[in-house]
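Grab a pencil and work through these exercises with the model open. Each one sets a task and then walks through a solution.

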Amino acid sequence: MSSPPSRAGTLGLRVLGPLLVVATLHAATTGCNRNRFDIRPARAHAMVAALAARFDLGQTVWEVVRDRIDRSTTRRAEKLEVWDRNRDAFVRAIHTTVPADVTRGLLRTLDAVLPLVDDGTLPAITRDMAEVARRITSDPADPNREVLAALAEVLTGKASRRLYLPGEPTEVVGRALAYPQSGEVIRAVAQLVRFNDGEDDLGRPNGEQDLVAQVQGAASRALKGLTVPAVPGGGAAGGGAAASSYLRDLLEEATLTGPVQLGPPAWAVRVDPRGLPVVRADPATGTLYPPFVDRDGDLLADVDAQGRPVDAAGSPVDAAPFGTSGFRDADGRALAYDGRPLYAYFDAKRTHLGLLARFVGRLLAAGVHEDLVAVLVPALGPRVRHDAGTPADPLDDYDGYASRTPAADLIWGLAETARSDSMWRLTEGLADLADARPAELEAALVGVGEAARAASRVRAARPAAVPPGGLDALVDALLPIVDRVFETGRGGTSTARVVMDVLARLGPTAQDLPAELAVLFRYAAIAKIDPLGTGPANVDRARSREVDPSRPAFYVDASGRWVDNRSLEQQLLSVLARADGCPIFGKTLAELIIENMAGLSPATAGTLARLVAQTGPLAGLICPGIAQDIQSIDALAASGAMDAYLPIARVFRDRGQVRLLIDILKALEAHYDTALRPQERVLVEVLESGAVEPLLEVVARATTVTIPGSPDRVADRLAVAVEELVDDDRVVLGADGLTRLATPLHRLLVPLRDLDAAVAAAGATSRAERLGNALLEVALEVVLDDNGTPFDPSDDRDILANRSFVPMTARTLREAARWLGPDPVARGRHLDELEASARRFLAGRDLPVVVDLELALVQAPGKRELHAALANLLTPAMTRPQDVFGSVMEITAAVLASEAPVDTRSLVRLGRFAGDCLDPSRAYLRHALTGVVRLTAQDGGDTVVALVRNLFWKGPAGKDPAPVDVYARVLRELQAAATGGPVGSSLGPRELGELLDEAASFLRDPNTGLERIYAAIQARRR
């Protein structure tokens, strides 16, 4: 209904007058219509300033809205009462959003805004808003108004879990915008859009990639493809409950150590299966804190028929877990009569979830994503044209990745490997090991991290070129031999399994082996301090000669002497390989040496004369020159490694497999120059770092931990799994179904080698190494634990900074074992579905969009600000007003903590509607982005930043209501007045439709709505 002319005219003068005068004077001072106005710029700007100083934007907006309410045909008086009562709060909120300094500087704002009206950008945005509102309420394609009903369901909370948050959700946005860098981020995003939207600044196609449309299309397809889960609450049948349980396990409290600082707490409350906060027990009585009651003794507060907690009289208890009313602490948590928390609160930051989020934030801060995309691009291979399954219709063709790539083959290999019963059993066993021996596993992880750091230091200082394929050739040569080691032999036990038991029995002796082996890799010749002593401490470093990695294995020095620059380990392998070609008494000299060594003690084997005597007096005749090279075996004894070598050799001798051990050593010798010699310095650093000893301890523990409900030990399952992987007796085909593979392990090795080759061809090998190092460095960060004795360093030890790593590893392994399951048919079905989904994604439309977006982020002029913003989002701040990390944790924890079932039909319906609105064929998002980009380009984004920040500002003390909260509260009160119900009452589809229709009418109204304002502004140029 249109308003009376007199009222419309008066309102137009009051509302549009100041804006039109300012716009007219603005045009006069910037060269527009100079033939019609003769006003000097200085005088015009003074007039604008004077007018703007008297112009009250808050009062004007209030009057505009009041005029429309006054013309309402339903419950007009009730709505006017609400509006008039909230006048001061509403005007104050407008003044906070657009403060006086902005209105006084109205000319600069007009410099940015008026061109967006002139070129139709702002009118297009508001028309889009009106069109979306119209589609919600009266779309012919939705005759039953299902979208409107779904929106009402969501707004009233009927289609979503109730979330218990310490404050309004708008605080998340407010904290994010409080960062000083938020302005730079907005400008960087606008610049990213500007250079990737396929248009120039005038909206004309310029040939650049339209990444905006691609991202929009990917989001649209994802939302349109939403489906209602088979089980309410999410997840597939049989899997949703376990999956949600696993996610809730992330909310368990984590142990923090060392310098890990997370700032002020981010409180959340635990929720029971009914979706209600968990009430704590009164320690004085053992029952729930009053006024809650628990008559049935299920440790849950009793509820009424509406699901509300009740007191002893059956009356509903009104005690929200967070708020300002009632007995509360400084953080707004409800307190019991004794001052203790009434509900089961927890700090979301100090959970496994919080530490995981911090881990991701640290990775982003380290720039891991840049290395990731540098590796991902060559790993995915070139793009090919897909016809989307419609070869006769080229309009839906798209560029994507091939369905057969090394990445796809690796996924196939992982799925095929996981099909085996042995993999399921091994996963279950490793979970049991992690649960039973967390300290040993943590020590092993600390060792892995230290080994990675040691290797990285060596490679950085002395990069060594490994011949292409050198390591691959060694692995391929060893696998058939390893297969024999793991094959079940005497007594139904493999040699490898017996060796594990031997290492476990050796205890401290096995722990000394890494440092002793380091001696063999470090030195080409050693001298002993004590002629009868052994071990690394007995090596006379001054008189010993280290391997020179910069020189070849043999060289002539400056004095003309021939120098053997091979490590003692290489010399030892060379001697045994040469001795294996010398027959003696029906055996080879190598076999005789090993058998005799296995029968000696470390002390007697360390005497060279004794060893040579045991090999026979004809050794020198059978193998000329072998006697002078036998010193490498003496060096083996001198290193101390004999202590562990001999018991292992004894296992092979007792099982009649001396030949097998020799074959292993000969394979190592044959590929030593190409695979091992370039890495000797790395091996030395790793062996001396203390990283290997904890791994040996884990192996030892694996021989003692028994799987619950099974006679198996973890080591048994490990041996069986490895035996299957390296078995070369079965027929194994590759991903193409035609290529014969040597072992099942090659299902993984072949695509990994292909990936490595692709990365190397792209020159990204160093980026891949840096990526791996960063992942290990952040994941396995260590701190020093002084065991509570800061003045006694003797009991200090390195521990993981993230103490949740081990328990969550155990939980993840347990969940993986549950998902694989004992039923091979069900397991195969799960893996088929997983593999098919992965292949569809790899060959689909969306992966190229993800890669292109990351490439655009990496190459964007404002990438530093964007990456810093993402990292800050997951980085704890030490002060609450700027702690966006805390807000993210509060919301995430509130979502994961809820156990109440959810009817997702309304959410899915709204998601599909949003997907349709995001379709690139509709310009809704494009117009909005264009407005932001052009507004940012006009004034550097200052207007956008200021207005958005002010919208969420809660005052200097952070206690005032933010303008956005004021607007929301007033809107709720107006809705209640319109329906006649209480504030916060349910908003039905009819009432919601009326509100949307009213909003759309204002946006489209050419008489008193926005369209009239736009027309008046545009008319100034005529």
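**Exercise 1.** Decide whether Lys 79 is buried or exposed, and find what Lys 79 touches.

Solution. Step one: Lys 79 has a relative accessible area of 14%, so it is buried (buried means under 20%, exposed over 50%, partly exposed in between, with a 1.4 Å probe and protein chains only). Keep in mind that this is a predicted model: local features need pLDDT of at least 70, side-chain atom pairs count only at pLDDT 80 or more, and totals for chains, interfaces and linings use all residues. Residues are numbered from 1 along each chain as its sequence is written, and side-chain values use heavy atoms, leaving out hydrogens and water.

Step two: place Lys 79 in helix 4, residues 76–85 (helices are DSSP runs of H or I with at least four residues, strands are E runs of at least two, and both are numbered from the N terminus).

Step three: list the contacts, meaning heavy atoms within 4.5 Å. Leaving aside residues up to four places away in sequence, Lys 79 touches Ile 69, Ser 72, Thr 74, Leu 974, Ala 977 and Ala 978. Take Ala 978 from that list: 899 residues separate Lys 79 and Ala 978 in sequence, yet their C-alpha atoms sit 6.5 Å apart.

**Exercise 2.** Check the length of helix 45 against its expected span.

Solution. Start with the rule: the expected span is 1.5 Å times one less than the number of residues. Helix 45 covers residues 963–979, so its 17 residues should span 24 Å, and the end C-alpha atoms are indeed 24 Å apart. Next, pick out the buried residues of helix 45, which include Leu 974 and Ala 977. Finally, look just past the helix: Gly 980 follows, with a positive phi near 80 degrees.

**Exercise 3.** Do the same for helix 14.

Solution. With 14 residues (352–365), helix 14 should span 20 Å, and its end C-alpha atoms are 20 Å apart, so the two agree. Among its buried residues are His 352, Arg 358 and Leu 363. Just after helix 14, Gly 367 has a positive phi of about 75 degrees.

**Exercise 4.** Track down some unusual backbone spots, and say where they lie.

Solution. First, the background: most residues other than glycine have a negative phi, and most peptide bonds are trans. Now the phi cases. Arg 145 isn't a glycine, but its phi is positive, about 50 degrees. Arg 145 is in the loop between helix 8 (121–138) and helix 9 (146–155), and it counts as partly exposed because its relative accessibility is 32%. Leu 299, also not a glycine, has a positive phi of about 70 degrees. Leu 299 is exposed, at 65% relative accessible area, in the loop between strand 3 and strand 4. Last, the peptide bond: Pro 290 to Pro 291 is cis, with omega near 10 degrees. Pro 291 falls in the loop between strand 3 (267–269) and strand 4 (345–347).

**Exercise 5.** Which residues does Arg 926 touch, and is Arg 926 buried or exposed?

Solution. Find Arg 926 in helix 43, residues 924–939. Its relative accessibility is 17%, so Arg 926 counts as buried. Not counting residues up to four places away in sequence, Arg 926 touches Asp 197, Glu 199, Asp 210, Val 212 and Ala 213.

**Exercise 6.** What share of the chain's residues is buried?

Solution. Of the 1022 residues in the chain, 46% are buried. For the secondary structure, count 47 helices and 16 strands.
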